[in-house]
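Hi,

Here is the structure I said I would pass on. Have a look at it first, and then read my notes below.

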Amino acid sequence: MKRTAIVIGAGVIGVASAYALARRGWSVTLLDREAGPAMGTSHANGAQLSYCYTDALGSPATMAALPRIMGGKGGVSFGIDFAPDYLMWLAQFARNCTAARFRRNTLDILELALQSRDAMDALCDQHQIEFSHRIAGKIHLLYSQAEIDRARMVRDLKRTKGVEQDILPREELRQLDPALGNLDPTAIAAISTPAEVVGDPLLFCRAMKGILSREYGVAMRFNAEVADLADKRPEAVVTLATGEELRADVAVVAAGTWSNRLLAPLGHKQAIQPMKGYSFEMPLVDGSPRISVTDGKRRIVFTHLGDRMRVAGIAELGNATTTIDPLRMEWMVDAARDCMPEGGDYQRTGHFWTGIRPATPDTKPITKRASNSIAINTGHGALGWTLAMGSGERLAKLLDA
């Protein structure tokens, strides 16, 4: 008899979890409160599959910047909130800002990212799936000698895991892409990662919807809001807002920041906080780079998606509002123009979006079995798209054990 699973959340994490289980023979039902997959946090994120750029957010540099980013309005800002959960999260985050924990957390995330890359490659080898997926390469801009020194340390750390990265001076960047001659003149170097990949997460989830249903028999229920989750050993009971009850051997909570609404009543509350991000798109111009660009100073990324340029960024910790703040969006458009004046047609920006990313104090996602009938796959922060396939594989192996 087939084992049964209900996956709650049809973003990239939920879709990857459903795929990893279904291909192992599980009978899977995928639920989401929206009308289709990837309508929330996964909808229009940065679209970079940054398998080699997995630096933990907590670091000595971040700790030194805390006075500036607490209550600030730059690319990274931590809200001021005296709620106990928030203060506890900040305390745990501060403990993860040591050099030793930064190295350990970065390597742990890198290991998962490389597993995720292998899982994505295996998926693409087995199924024809179109989601603007290509090896684009990536640069991460550096603005000072101190940044270069830190980048060299992290590069050497990742080389122990076989990652190919290098530090290039500004004058060599045009050899990677002629458009990089139009960068912010204060950038003096960049981390170059030739093997980095891009892909549209919305197109991915839409394509996977068909593959999961057609080839693996996954049942999909959209406009299906979960009102309650119960651990009725030996099975899980999921109650929808309509009152309908669904039962399975295991319920997988992959609902991002909202996971704790279901987990907390069961005693499984996780240390996650909302981290709000934004994105916009614009038409390409002759000066648009095909290579991916990350600007750490402004906390924005540029991703060429074949027919448009997507710019994503901003990390507002503690902000769970889903409305678009026009001032923040204006700030990001101006920041993108300052970084790369010829990056796209800034007179025709559109497709403005915001998403709430579930952040953990150590930047590492939470993929675990909470009980025999409840599993958790959340807390991926800004790396959800990058880590999705690997997290799905880890989840399935846990449940198969």
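**Helix H5 and its salt bridge**

Asp149 counts as partly exposed, because its relative accessibility is 42%. Keep in mind throughout that this is a predicted model. Asp149 has a partner: its side chain meets that of Arg152 in a salt bridge, at 4.0 Å from N to O. Arg152 is partly exposed too, with a relative accessibility of 39%. The two sit 3 residues apart in helix H5, so about one helical turn separates them.

The helix itself covers residues 145-159, and its length checks out: 15 residues at 1.5 Å a residue should span 21 Å, and the end C-alpha atoms are indeed 21 Å apart. Which residues of H5 are buried? They are Ile148, Ala151, Val154, Arg155, Leu157 and Lys158, so you will find an Arg and a Lys on that list. The cover over these buried residues includes helix H4 (99-126) and the strands S6 (138-142), S7 (166-169) and S8 (189-193).

**Other salt bridges**

Searching the whole structure turns up 26 salt bridges. One of them ties Arg3 to Asp400, with the closest N and O atoms 2.8 Å apart. That pair links distant parts of the chain: Arg3 belongs to the segment before strand S1 (4-8), while Asp400 is in helix H9 (residues 384-400), 397 residues apart. Both ends are partly exposed, Arg3 with a relative accessible area of 34% and Asp400 with 31%.

Asp307 and Arg308 make another bridge, at 2.7 Å from N to O. Here the two partners fall into separate classes: Asp307 is exposed, with a relative accessible area of 56%, whereas Arg308 counts as buried at 16%. As for networks, shared partners join Arg3, Arg23, Arg24, Glu393 and Asp400 into one set of linked salt bridges.

**Strands and a small sheet**

Strands S3, S9 and S5 form an open sheet, in the order S3-S9-S5, with antiparallel pairing. Strand S3 (48-49) and strand S5 (134-135) are the edges; each has a single partner strand, so one side of each lacks a neighbour in the sheet. S3 pairs with strand S9 (residues 197-198) over 2 bridges, in the antiparallel sense. Within that pairing, Gln48 stands opposite Val198 of S9.

Further along, strand S20 (residues 366-369) and strand S21 (residues 374-378) run antiparallel and are joined by 4 bridges. They make a hairpin with 4 residues between the strands. If you want a pair to click on, Ile366 has Thr378 in S21 as its bridge partner.

**Around Phe302**

Phe302 is in strand S17 (residues 300-304). Is Phe302 buried or exposed? It is buried, with a relative accessible area of 0%. Apart from neighbours within four places in sequence, Phe302 is in contact with Gln48, Ser292, Val293, Met309, Arg310, Val311, Ala336, Cys339, Met340 and Tyr346. Gln48 is the residue that stands opposite Val198 in the sheet described above. For a distance to check in your viewer, the C-alpha atoms of Phe302 and Leu173 are separated by 16 Å, and the two residues are 129 apart along the chain.

**Backbone points to check**

Most residues other than glycine have a negative phi, and most peptide bonds are trans. Here are the places that go the other way.

- Arg233 and Pro234 are joined by a cis peptide bond, with omega about 15°. Pro234 lies in the loop between strand S11 (226-232) and strand S12 (235-240).
- Ala38 has a positive phi, near 55°. Ala38 is in the loop between strand S2 (27-31) and S3, and counts as buried at 1% relative accessibility.
- Ile314 is not a glycine either, yet its phi is positive at about 75°. Ile314 lies in strand S18 (residues 309-317) and counts as buried, also at 1% relative accessibility.

**A patch on the surface**

Lastly, Ile80, Phe82 and Leu87 form a nonpolar patch on the surface, and together they have about 360 Å² of accessible area. Leu87 comes from helix H3 (residues 84-95) and counts as partly exposed, at 38% relative accessibility.

Cheers

Terms used
Residues numbered from 1 in each chain as written. Predicted model: local features only at pLDDT ≥ 70, side-chain atom pairs only at ≥ 80, totals over all residues. Heavy atoms only, no water. Patch = residues over 30% accessible without salt bridge, like charges linked within 9 Å, V, L, I, M, F, W, Y side chains within 5 Å. Areas by Shrake-Rupley, 256 points an atom, 1.4 Å probe, with all protein chains shown as cover. Buried < 20%, exposed > 50% of the residue type's maximum accessible area, 1.4 Å probe, protein only. Expected span 1.5 Å × (residues − 1). Contact = heavy atoms within 4.5 Å. Pairing = 2+ DSSP bridges.
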